[in-house]
Amino acid sequence: MARRNVFLILLISMVFGQPHPEDKMSCGHSRRLMKLAAMDVFPTADQQKFDVNFYRIELDINPVSEMIYGHVDAEFKIIDSTISVLEIDFLTSMDVTGLKLDDTVRTFSHANDLITIDVPDYAAINTVHTIAIDYSGSPSTTGFGSFNFDLLDGQNMIWTLSEPYGARSWWPCKDDPADKADSVDIIVTVPNNLTVASNGSLKSVTDMGSERIFFWQERYPIPTYLVSLAIYPYYVWYDEYVSTANDTMPIEFYTIPSHFPDLQDNYLKTRPMLEAFSGLFTEYPFINEKYGHAEFGWGGGMEHQTITSLGGYGESLIAHELAHQWWGDMVTCASFHHIWLNEGFATYSEALWWESQYGQDDYHDDMAANAYYGGGTIYVEDPVTVSDIFYYNLTYRKASWIPHMLRHVVGDSLFFHFLEVYATDSASRFNSITTEQFTAIAEAATGYELDTFIDQWVYGSYYPRYHVSWYQNNDSLILDIEQTQSTGTIFQMPLDLEITTADSTWLVVINNSQASQQYAIPVPGGTTVTSILIDPDSWVLKTAQYSYIEVENDLVFRFSLQPAYPNPFNASITIPFEIDYRGWVAVDIFDLQGKNIYHHQDIYQPGSHGINWTGINHQLQPVATGTYFVRLEYPNGHETQKILLLK
């Protein structure tokens with residue numbers, strides 16, 4: 001059943017162009033290639049020394065002149081006594097008409113997209129202060145963020161999209177995803193034919209004759225880029241979600257009237273999606289407010305907190321943006337280096353939706369559609385262009401394979417336990433986190449060491465390419481796996497092995513962690529293996545090639561162990577042997593008490609070979625003078641001889 005929005009996204013990509021090779025962006029992110037670094041998007045040193053608690057944003061919007069007149073009050077705390085100036089992000093193209101700090105008029109500068117105010121001497125660490133800013137202007141609609149004035153069906157439509165760094169284009173703020181305000185008030189005055197949709201709960205609508213004032217209140221922590229407006233003469237309709245605790249919450253839909261017949265059916269899937277995701281992740285995070293959709297002028301979606309902005313109505317798109325309420329809104333990337341934590345998990349949640357409704361085949365089909373075999377790291381090394389931050393192949397597609405593969409590494413029970421912990425841990429819940437913090441939470445929840453997993457998949461590039469060769473020797477399946485990728489990374493992953501005989505098919509799990517590794521797998525007596533398949537359900541992002549080696553079932557490996565030399569020895573000894581097959585040979589060295597002190601195994605080609613031992617143990621420490629036994633083992637036998645170490 002093919003129900004995904006991949007083709008819609010491809011169509012949008014073709015319409016708007018592809019500045020990044022194979023680039024496809026969802027979540028409504030622009031494909032503009034403007035260099036964000038030109039305006040210094042990252043927090044300054046002084047911005048990291050204060051923490052914002054609250055914003056009150058008041059806007060009077062004139063759609064005719066495309067002007068806004070604004071007032072912002074902010075409450076903040078000093079968290080570092082070395083702060084020298086208070087810096088607020090706000091585009092220089094906007095006009096600041098007045099400013100107060102702690103109710104006192106202050107001088108300020110407005111340059112390089114920063115409002116800068118000297119911090120008074122009384123502003124000590126842990127003290128709380130307020131700033132009030134009056135401003136006006138016609139906000140930017142190009143580059144990194146948008147405050148848009150559009151016409152649709154002859155009516156004014158006004159909408160915002162501020163991710164990644166665009167909130168500063170229409171209101172003064174500390175525009176950093178790592179600093180969530182505890183709450184935000186949003187008060188918007190518009191012509192009386194327009195309706196304003198925004199974050200949180202609608203507290204009041206005041207009729208002022210030719211104008212109306214909408215007062216929205218967000219009482220959950222929220223980053224600046226998720227504060228949003230969607231304004232139009234909407235047709236507003238409702239559904240209702242009932243939580244497992246029997247709490248009711250409104251689902252609100254702000255719909256362009258002419259679109260209602262087309263989108264109604266899929267919009268009504270929002271409630272069962274809320275039920276499914278709340279069952280998988282923990283309860284919907286903003287249960288005391290609402291969830292809903294507001295149509296806007298971009299052909300995708302944007303996960304604005306409690307009120308997703310939608311420019312489409314596909315089932316996958318709705319599931320993706322709803323999942324963001326957990327993964328992106330409640331738990332937010334601390335910087336856009338780590339945007340995969342938002343987009344990878346939301347994309348993966350689409351597959352979870354298919355699985356919950358239609359079964360595992362649809363889950364795996366969805367993941368297969370998101371397989372990406374190109375280069376580049378999921379971690380965004382230089383998040384200064386929109387195209388790099390929201391590069392679809394890495395940030396969305398490959399990143400969705402991180403939770404998919406993690407699920408198989410730790411198993412379903414631990415994986416879904418981890419999702420609950422991830423949603424409730426104090427380090428992540430309503431906070432902003434890094435990949436390292438994510439890893440620590442996952443390790444604590446599962447008991448697995450995951451640094452290697454994260455390093456190779458998030459910070460590394462490409463994927464494993466397996467070459468698998470095999471043959472059967474009596475009751476053993478001999479399997480050689482080589483990783484043939486040329487990137488230098490050797491991936492460490494558990495691999496399912498599907499073994500088929502004439503009578504049955506079964507799975508075994510092998511751990512693969514070397515460039516070349518051989519396995520001997522027992523096969524029930526008298527049965528012949530007809531085929532094998534590595535990772536049949538595609539739990540690992542990989543490619544695989546297979547080679548079958550023709551052998552007779554009664555094959556005997558010819559192995560000849562020759563006398564070790566020099567014996568006795570002091571510095572090192574060589575154990576020579578000959579084989580007439582390609583396969584594994586293992587050497588073990590034991591002391592007189594039978595304790596294994598050294599082990600080495602490798603795959604050898606037909607011919608003469610020698611294993612060199614320098615008198616060290618497993619810990620690479622020298623062993624004492626004495627007699628030792630060398631045992632060489634091969635697929636159908638072993639041989640032993642005695643050696644003497646003299647120091």
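**Strands, helices and a cavity**

Me: Four strands, in the order β9-β10-β15-β12, make an open sheet with antiparallel pairing. What makes two strands count as a pair?

Reply: Two strands pair if DSSP finds at least two bridges between them. β12 and β15 (residues 229–232) are joined by four bridges in the antiparallel sense, so they meet the cut-off of at least two. Val-196 stands opposite Ile-231 in β15. The model is predicted: local features need pLDDT of at least 70 and side-chain atom pairs count only at pLDDT 80 or more, while totals for chains, interfaces and linings use all residues. Residues are numbered from 1 along each chain as its sequence is written, and side-chain values use heavy atoms, with hydrogens and water left out.

Me: Why are β9 and β12 called edge strands?

Reply: β9 (146–152) and β12 (195–198) each pair on one side only. The strands themselves are DSSP runs of E with at least two residues, and helices are runs of H or I with at least four, numbered from the N terminus. Neighbouring strands of this sheet are turned by 15° against each other on average, direction ignored; the axes behind such angles are lines fitted to C-alpha atoms, for helices over the stretch in contact, and angles run from 0 to 180 degrees between N-to-C directions.

Me: How do you know that the length of α3 agrees with what is expected?

Reply: The expected span is 1.5 Å times one less than the number of residues. For the 12 residues of α3 (residues 270–281) that should be 16 Å, and the end C-alpha atoms are 16 Å apart, so the two agree. Just after α3, Thr-282 has a positive phi of about 105°.

Me: What makes α8 a mostly covered helix, and where does α8 bend?

Reply: Buried means under 20% relative accessible area, exposed over 50%, and partly exposed in between, with a 1.4 Å probe and protein chains only. Of the 19 residues of α8, 18 are buried. The bend, about 25°, is at Lys-398; a bend at a residue is the angle between axes fitted to the seven residues ending there and the seven starting there. α8 (residues 392–410) reaches 27 Å, close to the 27 Å expected.

Me: Why is Tyr-634 counted as buried or exposed?

Reply: Its relative accessibility is 11%, so Tyr-634 counts as buried. Tyr-634 lies in strand β35 (residues 626–634).

Me: How do you know that a space is a cavity?

Reply: On a 1 Å grid over the protein atoms alone, a cavity is a set of points where a 1.4 Å probe fits but cannot get out, and lining residues have an atom within 4 Å of a point. Grid points are joined across faces, edges and corners, and a volume is the space filled by probe spheres set on the points. Three cavities of 30 Å³ or more are found in the whole structure, and the second largest has a volume of about 60 Å³.

Me: Which strands supply at least two residues each to the lining of the second largest cavity?

Reply: β1 (50–62), β2 (67–78) and β8 (128–137) do. The lining includes Tyr-55, Val-72, Ala-74 and Phe-76. Along β2, Val-72, Ala-74 and Phe-76 are among the buried residues on one face, while Asp-73 and Glu-75 are among those that point to the other and are not buried. β1 and β2 pair antiparallel over 12 bridges, and the partner of Tyr-55 in β2 is Ala-74. β2 and β8 also run antiparallel, joined by 10 bridges.

Notes. On a 1 Å grid over the protein atoms alone, a cavity is a set of points where a 1.4 Å probe fits but cannot get out, and a pocket is an open set with protein on both sides within 12 Å along at least five of seven lines; lining residues have an atom within 4 Å of a point.
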